[in-house]
Amino acid sequence: MKIQGKMFIWLSVFILAMAIVYGVWSKEPAGTTALFLAFGLSIMIGFYLGFTARRVDTGAQDNKEADVADDAGELGFFSPHSWQPLSLAVGGAIAFLGVAVGWWLLYFAAPIILIGIWGWVFEYYRGENRTQ
């Protein structure tokens, strides 16, 4: 993770320099603001990865002598049969449609999103998947 953190830190330095140059030359506030927000996003990701890299074991990507097979293995548990992302996607689509069509659609989107979040969080606390 160290190399990814360094890459994002250097990317943020580049984006900051480009934001300053763009802001001085163009005097256009929307693009300048977007570049400064991109700088903030990349610096947050870079510091998070650097902060996390100090607290976890060194991965294969940080070893210059590592092979591809050294990074193989279990990466975590991913739910293979969850329907909750579908409900979140439908709720999000209705919410974004509400921005374009009318804000009243958010009254229909909010319960669908909340049901999807609730189901996703408590998916393995009930039913047949309780023992996983």
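Biologist: How many aromatic pairs does a search of the whole structure find, and how is a pair of aromatic rings described?

Modeller: A pair of aromatic rings is described by the distance of the centres and the angle of the planes. Rings of Phe, Tyr and Trp (its six-membered ring) pair if their centres lie within 6.5 Å, and planes under 30 degrees apart count as stacked, over 60 as edge-to-face and the rest as tilted. Searching the whole structure gives three aromatic pairs. One of them joins W104 and F108 edge-to-face, with 6.2 Å centre to centre and 90° between the planes. F122 and Y125 also form an edge-to-face pair, at 5.7 Å centre to centre and with 65° between the planes. Before going on, please note that this is a predicted model, in which local features need pLDDT of at least 70 and side-chain atom pairs count only at pLDDT 80 or more, while totals for chains, interfaces and linings use all residues. Residues are numbered from 1 along each chain as its sequence is written, and side-chain values use heavy atoms, with hydrogens and water left out.

Biologist: Which residues do ring pairs link into a cluster?

Modeller: The cluster consists of W118, F122 and Y125, linked by ring pairs.

Biologist: Are the paired rings of W104 and F108 buried or exposed, or partly exposed?

Modeller: The general scale is that buried means under 20% relative accessible area, exposed over 50%, and partly exposed in between (1.4 Å probe, protein chains only). W104 has 48% relative accessibility and therefore counts as partly exposed, whereas F108, at 51%, counts as exposed. In the other pair, F122 is partly exposed at 30%, and Y125 is exposed with a relative accessible area of 61%.

Biologist: Which ring does the charged end of R55 sit over?

Modeller: A charge sits over a ring if NZ of Lys or CZ of Arg is within 6 Å of the ring centre and within 35 degrees of the ring normal. Here the ring belongs to F51, and the charged end of R55 is 3.8 Å from its centre.

Biologist: What does S12 touch, and where is S87 placed?

Modeller: Contact means heavy atoms within 4.5 Å, and helices (H or I, at least four residues) are DSSP runs, numbered from the N terminus. S12 lies in helix α1 and is buried, because its relative accessibility is 0%. Apart from its neighbours within four places in sequence, S12 is in contact with F39, S42 and I43. S87 belongs to helix α3 and also counts as buried, at 18% relative accessibility; not counting residues up to four places away in sequence, S87 touches I112 and G116.

Biologist: What does L16 touch?

Modeller: L16, which is found in helix α1, is partly exposed with a relative accessible area of 27%. Not counting residues up to four places away in sequence, L16 touches F36 and F39. The C-alpha atoms of L16 and A38 are separated by 8.5 Å, although their positions lie 22 residues apart along the chain when counted as a separation.

Biologist: Which residues form a nonpolar patch on the surface?

Modeller: Nonpolar side chains (Val, Leu, Ile, Met, Phe, Trp, Tyr) are joined within 5 Å, like charges within 9 Å, using residues with over 30% relative accessible area and no salt bridge, which is a side-chain nitrogen of Lys or Arg within 4 Å of a carboxyl oxygen of Asp or Glu. The patch consists of L11, F14, M18, I20, V21, V24, W25 and F36, with about 810 Å² of accessible area together, by the Shrake-Rupley method with a 1.4 Å probe, where for residues only the protein chains shown count as cover. Helix α1 (residues 2–26) supplies its largest share, seven residues.

Technical notes. Helix = DSSP H or I, 4+ residues; strand = E, 2+ residues; numbered from the N terminus.
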